[in-house]
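User: Please take me slowly through one part of this structure, and explain each term when it comes up. I am new to it and would like one connected account.

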Amino acid sequence: MRADATTSQTPTGRAIIQLSSSTADNSIVLLPGANFSASASPHPRLPSSALSSYTHLLLQNEIPLQETRRTLRDAHAAGLVTLFNPSPMPKRGDLAAFEWGALDWLVINAGEAEDLLVALASEEVAAAAQSKGPEALLRALRETSLRSLTGIIMTRGAEGVSCLSLIHI
């Protein structure tokens, strides 16, 4: 099932991924297009009968945040496993008000983890956790409004991936 809107007035958005060959870190440059256009909003809402035929919903923050939040709530209410990558990272106030309780899995990179911890705790907590390594950063995130998540997956560039989960994977 497709749930997209079209607009002839706004070009398609672009995401350009820059990758460092020496560190394997990336930087994503986002040029919002029709997916962020007010003329394409509100995005079509999937009826709950359509959602029930799915098991998972993966969201990335490349549509208006209010649409992401609404879709997340709808999917959670329909019993889907929800995953969210908040890139590009929303503002601190939006992060603090986000419906983390409707989310199962958070997928972030190390820089986003630090930004998220600053938004949900403080700069001091983030600096202390970051200095102790990736596992401490994940544990500190778990002590915020993210405590109800099933898990947090954090990519770490050339150093791989870290995961904090309430279930055995």
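Analyst: Pro88 lies in the loop between β4 and α3, where helices (H or I, at least four residues) and strands (E, at least two) are DSSP runs numbered from the N terminus. The peptide bond that leads from Ser87 into Pro88 is cis, its omega being near 0 degrees. This is a predicted model, in which local features need pLDDT of at least 70 and side-chain atom pairs count only at pLDDT 80 or more, while totals for chains, interfaces and linings use all residues. Residues are numbered from 1 along each chain as its sequence is written, and side-chain values use heavy atoms, with hydrogens and water left out.

The loop of Pro88 belongs to a wider arrangement, since β4, α3 and β5 together form a right-handed β-α-β unit; right-handed here says that, with the strands pointing away from the viewer, the path from the first strand over the helix to the second runs clockwise. β4 and strand β5 (residues 105–109) run parallel and are joined by two bridges, which meets the requirement that DSSP find at least two bridges between paired strands. At this pairing, Leu83 has Trp105 of β5 as its bridge partner.

On the way from α3 to β5 the chain passes through another loop, and Glu99 has its place there. With a relative accessible area of 18%, Glu99 is buried, because buried means under 20%, exposed over 50% and partly exposed in between, for a 1.4 Å probe and protein chains only. Leaving aside residues up to four places away in sequence, Glu99 touches Arg69, Leu72 and Arg73, where a contact means heavy atoms within 4.5 Å. The side chains of Glu99 and Arg69 are also joined by a polar contact of 2.7 Å, that is, a pair of N or O atoms within 3.5 Å of which, within protein, one must be able to donate a hydrogen and the other to accept it, residues adjacent in sequence counting only if both atoms are side-chain atoms.

Arg69 and Leu72 lead to helix α2, for both are among its buried residues, which also include Leu65, Glu67 and Asp74. This helix covers residues 65–77, and its 13 residues reach 18 Å from the first C-alpha to the last, close to the 18 Å expected at 1.5 Å a residue; the expected span is 1.5 Å times one less than the number of residues. Among the elements that cover the buried residues of α2 are β4 (81–85) and α3 (92–97), together with α1 (48–51) and β3 (56–60). After α2 comes Gly79, whose phi is positive, near 85 degrees.

Beyond the unit, β5 also pairs with strand β6 (residues 151–155), in the parallel sense and over five bridges, and Asn109 stands opposite Thr155 there. Ile153 sits in β6 and, at 25% relative accessibility, counts as partly exposed. Not counting residues up to four places away in sequence, Ile153 touches Trp105, Leu106, Val107 and Ile108, as well as Val161, Ser162 and Cys163.

β6 is joined in turn to strand β7 (residues 161–165) by five bridges, this time antiparallel, with Gly151 opposite Ser165. In the hairpin of these two strands, which has five residues between them, Gly157 takes a positive phi near 60 degrees. Both β6 and β7, along with β5, are among the elements that cover the buried residues of α6. Seven of the nine residues of α6 are buried, so this helix is largely enclosed by the rest of the structure. Glu135, which lies in α6 (residues 134–142), is partly exposed at a relative accessible area of 42%.

Seen as a whole, the protein chain holds six helices and seven strands, in the order β-β-α-β-α-β-α-β-α-α-α-β-β along the sequence. It has 169 residues, of which 37% count as buried, and among contacts between residues at least 6 apart in sequence, 54% join residues at least 24 apart.
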